[in-house]
Amino acid sequence: FIEDAIGTVDNSVRRMSRLLEQLQQGDAQGFASRVNLAELCREVAAEWSERGAAPTFEDHDTELYLRASRERLVSVLGHIVRNAQDAVGRDGNVVVRLSESDGNAIIEVADNGPGMEEEFVRNRLFRPFESTKGSKGMGIGAYQAREFARGLGGDAEVYSIIGEGTRFRLVLPLDADETALSSQQSGAMS
């Protein structure tokens with residue numbers, strides 16, 4: 001039993017070390033392709049609807065595209081949705097929203113869970129191995145999400161109020177081809 005436990009811990013430590021090494025080297029972005037964000041958000045919301053509070057997807061009729069690893073973005077967004085579901089339990093609300101602002105796609109996951117202390121969000125949320133879940137969480141998801149967003153030239157933002165819930169936002173630059181196309185269409189309509 002002790003040898004199994006040591007083997008399991010050793011394996012986990014090796015996996016976490018590889019992950020941190022990839023993140024530090026900027027190697028965690030994966031193969032980039034043109035990603036339809038509404039399609040991706042819909043897919044993630046549907047995928048996680050069987051677990052906990054079923055997330056809803058609000059799309060503001062936007063056709064937004066991003067150049068990124070689709071697989072990595074699904075993983076990052078899935079992690080954020082799972083965290084929201086863990087926070088609200090079965091009876092809470094989780095909403096995934098997609099919008100556009102100043103040439104950026106905004107993917108927001110909002111929940112009506114217990115929220116997080118401002119100090120935790122400001123000083124600890126994005127530090128690896130810091131977690132509000134105690135022994136249930138490894139504390140690398142928020143860090144991984146932020147580093148993925150930054151690797152694409154964007155960022156991650158978190159707004160949380162104790163007793164009201166949390167909004168986790170990924171701000172990601174739109175695909176340059178999409179931005180140019182939107183500008184050309186706007187100019188043609190004028």
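**Group meeting: salt bridges, a buried helix and strand β7**

I start with one residue: D175 is buried, at 5% relative accessibility. The model is a predicted one, and that applies to everything I say today.

D175 has a partner. Its side chain meets that of R34 in a salt bridge, 2.8 Å from N to O. D175 sits in the loop between β7 and α6 (176-189), while R34 belongs to strand β1 (residues 33-36), so this pair ties together parts that are 141 residues apart in sequence. R34 counts as partly exposed, at 38% relative accessibility.

Now the overall layout. The chain has six helices and seven strands. Their pattern along the sequence is α-β-α-β-β-α-β-β-α-α-β-β-α. Of the 190 residues, 42% count as buried. If you take the contacts with a separation of 6 or more, 70% of them are between residues 24 or more positions apart. The accessible surface comes to about 10,900 Å², and carbon and sulfur atoms hold 48% of that.

Next, helix α5, residues 141-151. Is this helix mostly enclosed or mostly open? Eight of its eleven residues are buried, so the rest of the structure largely encloses it. Those buried residues are G141, A142, Y143, Q144, A145, R146, F148 and A149. Two of the residues in α5, G141 and A142, are touched by H79. H79 lies in helix α3, residues 70-88, and it counts as buried because its relative accessibility is 19%, against a cut-off of under 20%. Just after α5, G153 takes a positive phi of about 95°.

From α5 we can move to strand β7, residues 165-173, which contains V171. The C-alpha atoms of V171 and A149 are separated by 7.1 Å, with their positions 22 residues apart along the chain. V171 is buried, at 13% relative accessible area. Which residues does V171 contact, leaving aside its neighbours within four places in sequence? They are N104, A105, I106, G154, D155 and E157.

D155, in that list of contacts, also pairs with R150: their side chains meet in a salt bridge at 3.1 Å, N to O. D155 is partly exposed at 26%, and R150 is partly exposed at 41%.

The structure holds 14 salt bridges. One network of them links E58, R97, E108 and R167. Another bridge joins the side chains of R122 and E118, at 3.0 Å, N to O. These two are four residues apart in helix α4 (residues 118-123), so about one helical turn separates them. In general, an α-helix has 3.6 residues a turn, so residues three or four places apart point the same way. R122 is exposed at 53%, and E118 is exposed at 60%.

Two items are left. The first is D102, in the loop between β4 (94-101) and β5 (104-111). D102 has a positive phi of about 50°, although it is not a glycine. D102 is exposed, with a relative accessible area of 74%.

The second is at the start of the chain. F1, I2 and I6 form a nonpolar patch on the surface, and together they have about 430 Å² of accessible area. I2 lies in helix α1, residues 2-25, and counts as exposed at 62% relative accessibility.

That is the end of my list.

How values were computed:
Residues numbered from 1 in each chain as written. Predicted model: local features only at pLDDT ≥ 70, side-chain atom pairs only at ≥ 80, totals over all residues. Heavy atoms only, no water. Buried < 20%, exposed > 50% of the residue type's maximum accessible area, 1.4 Å probe, protein only. Contact = heavy atoms within 4.5 Å. Patch = residues over 30% accessible without salt bridge, like charges linked within 9 Å, V, L, I, M, F, W, Y side chains within 5 Å. Areas by Shrake-Rupley, 256 points an atom, 1.4 Å probe, with all protein chains shown as cover. Salt bridge = Lys/Arg side-chain N within 4 Å of Asp/Glu carboxyl O.
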